[in-house]
Every structure is written in C-alpha cells, then in structure tokens.
Amino acid sequence: MNRTLEQRYAVKFCVRLGKTATETYTMIKDAFGNNSMGRSSIFEWHKLFKEGREQVENDHRSGRPSTSRSDQNVRKVKEILDTDRRLTIRLIAEELEVLERLRKRVLRVRPAMASTWKLHHDNAPCHTALLVQEWQAKHNLLTLPHPPYSPDLAPPDFFLFPRLKRQMKGRRFDTIETVQEAVTRGLRSIPVENFQQAYANWQTRYTKCINSGGCYFEEY
C-alpha cells in the first residue's frame with residue numbers, strides 16, 4: 001500500500017477512536033518516525049475525517065492553489081502591520097543577530113566553508129525583510145529558495161520543533177527563564193546522529209522538491 005495512504009487510513013482510524021488531532025499526530029510520528037506525514041497534513045486529514053470524509057485519496061486538482069487579493073484583504077494586512085510594527089522590527093533585529101552569530105561561528109569552527117556555505121530558511125517575514133536581504137548581500141551569504149506551502153521542507157518543522165514539543169508536553173513553567181533552560185536541556189539531549197539524519201532527510205526532501213519541478217507531493 002502507498003505509504004501516504006497507509007498513514008491516512010491510520011489517521012481515519014484514530015478519528016474513529018475519538019483521538020484528538022494532537023494525539024493522532026503523536027501516534028503517527030511514533031509509528032512511522034521520520035517517514036511520517038507532516039504535522040499540517042495530519043491535522044488537515046484529521047479535520048476532514050472528523051467532518052465525515054470517507055475517501056483517503058486526493059481530490060483531483062490542477063495547478064497551484066489560488067490566492068485571493070482584494071482591497072479588504074490589503075487593508076486588513078496593513079492594519080496588522082501598523083498594529084504590530086514594533087514586534088516586526090524586534091523580530092527582524094533578532095534575525096540579524098542570529099545570522100551574525102551564525103556567520104561568526106562558521107568562520108571560527110569551519111573556516112574552510114566560509115565562502116561556500118549557504119543558508120536555508122523559510123519565508124517568514126523576518127527572514128525575507130529588506131534589511132535581512134541587504135545584510136545577506138553585504139556578507140555574500142547565499143540563500144537557498146524555499147517554495148511556498150512547504151512547511152515540511154524545513155528541518156525545524158519536520159524534526160526539531162515536534163521533538164521539543166513532545167519533551168515539553170504536560171509541563172508547566174513559571175518564568176521565561178525556566179522555559180529557556182528546559183529547551184536548552186532538550187536541545188542538548190538530542191544525539192548528534194539525529195541531527196545528521198535530519199540533514200540527510202532534508203537533502204532528500206529538497207532534491208525531490210527540485211526534481212518535481214514545483215508540483216505537489218506528500219510522500220518523501
């Protein structure tokens with residue numbers, strides 16, 4: 001059976017058992033490991049089955065999903081940006097600080113890669129901001145393109161964040177400092193081999209994305 005369809009049947013079974021989307025996601029990850037569907041896909045299929053869908057195959061569709069742009073949508077976006085401008089500026093500043101620390105660490109730890117390494121991050125606004133792009137150009141830092149609608153292509157999304165969330169699940173923290181300490185311990189507890197495997201998975205996913213020529217696929 002197709003691996004993706006097998007997991008969809010498993011999601012459907014979890015819905016029949018009354019499992020929540022989060023519980024279903026955890027069970028699928030435990031059962032299929034690195035070969036499991038992404039979180040967004042599992043949650044979407046859980047929602048569809050809960051609403052009564054029976055079919056596990058994809059609906060026929062052609063082309064990329066359409067986007068909607070209207071004066072009302074543009075106005076809403078402008079209102080959000082105006083309201084949250086300080087937060088946006090702070091995120092950009094934090095992004096630049098992280099990039100500078102990363103650049104210096106590469107120079108110190110892997111000097112042979114100083115002029116050849118490339119950065120891959122998603123299309124979050126703080127990543128694509130003009131100030132960030134100017135900083136990258138100033139330091140000759142090449143960035144690998146990240147296609148839209150592809151959260152499962154980013155290692156933090158398909159490897160790191162789900163793992164940390166499982167470690168933090170059910171725990172309560174009184175201060176930001178205790179959260180930071182717990183996350184730091186969680187990061188340090190992950191074996192180097194797991195990061196290496198995640199990198200290998202990223203190479204496989206990115207290569208398949210390139211070979212597909214922009215077409216959609218769910219199975220890696």
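**Figure 1. Close-up of the aromatic pair Phe159–Phe195 in the predicted model**. Phe159 is buried, with a relative accessibility of 11%, whereas its partner Phe195 is partly exposed at 36%. The structure holds 5 aromatic pairs. In the one formed by Phe159 and Phe195, the ring centres are 5.4 Å apart and the planes make an angle of 75°, an edge-to-face arrangement. Because Phe159 belongs to helix H8 and Phe195 to helix H10, the contact ties together parts that are 36 residues apart in sequence.

**Figure 2. Close-up of the aromatic cluster of Tyr199, Trp202 and Tyr206**. The three residues Tyr199, Trp202 and Tyr206 form one cluster. Helix H10, to which Phe195 of the preceding view also belongs, spans residues 192-211.

**Figure 3. Close-up of the largest pocket and its lining**. The volume of this pocket is about 2,200 Å³. A total of 36 residues line the pocket, and those nearest its centre are Leu102, Leu119, His120, Pro156 and Phe195. Two or more lining residues are contributed by each of H5, strand S1 (118-119), helix H8 (155-168) and helix H10 (192-211). The largest share, 10 residues, is that of H5. By residue class, the lining comprises 22 nonpolar, 5 polar and 9 charged residues. Phe195, one of the residues nearest the pocket centre, is also the partly exposed member of the edge-to-face pair with Phe159.

**Figure 4. Close-up of the salt bridges made by Glu100 in helix H5**. Glu100 forms a salt bridge with Arg103, with 2.9 Å between the closest N and O atoms. The side chain of Glu100 also meets that of Lys104 in a salt bridge, with an N to O distance of 3.7 Å. Both partners lie along helix H5 (residues 85-109): Arg103 is 3 residues from Glu100, a separation of about one helical turn, and Lys104 is 4 residues from Glu100, likewise about one helical turn. Lys104 is partly exposed, its relative accessible area being 47%.

**Figure 5. Close-up of Ala114 in the loop between H5 and S1**. Ala114 has a relative accessible area of 31% and is therefore partly exposed, this class lying between the limits of 20% and 50%. Its C-alpha atom is separated by 9.2 Å from that of Lys104, a residue 10 positions away along the chain. Lys104 is the residue whose side chain forms a salt bridge with Glu100 in the preceding view.

**Figure 6. Close-up of the salt bridge Lys47–Glu51 and of the network around Lys12, Arg16 and Glu54**. In the bridge between Lys47 and Glu51, the closest N and O atoms are 2.8 Å apart. Lys47 is partly exposed, at 45% relative accessibility, while Glu51 is exposed, at 56%. Lys12, Arg16 and Glu54 are joined in a network of salt bridges. The salt bridges of the structure number 5.

**Figure 7. Close-up of helix H7 and its buried side**. Within H7 (residues 130-138), the buried residues are Val132, Trp135 and Gln136. Because these three cover an arc of only 100° around the axis, they lie on the same side of the helix. The face turned away from this buried side carries Leu130, Leu131, Ala137 and Lys138, which are exposed.

**Figure 8. Close-up of Asn140 in the loop after H7**. Asn140 follows helix H7 and is found in the loop that leads to strand S2 (142-143). Its phi is near 55°, a positive value in a residue other than glycine. Asn140 has a relative accessible area of 68% and is exposed.

**Figure 9. Overview of the chain that frames the close-up views**. The chain has 10 helices and 2 strands, which follow one another from the N terminus in the order α-α-α-α-α-β-α-α-β-α-α-α. Of its 220 residues, 26% are buried; Phe159 of the aromatic pair and Val132, Trp135 and Gln136 of H7 are among them.

Definitions and conventions: Residues are numbered from 1 along each chain as its sequence is written. This is a predicted model: local features need pLDDT of at least 70, side-chain atom pairs count only at pLDDT 80 or more; totals for chains, interfaces and linings use all residues. Side-chain values use heavy atoms; hydrogens and water are left out. Buried means under 20% relative accessible area, exposed over 50%, partly exposed in between (1.4 Å probe, protein chains only). The arc is that of the directions from the helix axis to the C-beta atoms. A salt bridge is a side-chain nitrogen of Lys or Arg within 4 Å of a carboxyl oxygen of Asp or Glu. On a 1 Å grid over the protein atoms alone, a cavity is a set of points where a 1.4 Å probe fits but cannot get out, and a pocket is an open set with protein on both sides within 12 Å along at least five of seven lines; lining residues have an atom within 4 Å of a point. Grid points are joined across faces, edges and corners, and a volume is the space filled by probe spheres set on the points. Ala, Val, Leu, Ile, Met, Phe, Trp, Tyr, Cys and Pro count as nonpolar, Asp, Glu, Lys and Arg as charged, and the others, Gly among them, as polar. Rings of Phe, Tyr and Trp (its six-membered ring) pair if their centres lie within 6.5 Å; planes under 30 degrees apart count as stacked, over 60 as edge-to-face and the rest as tilted.
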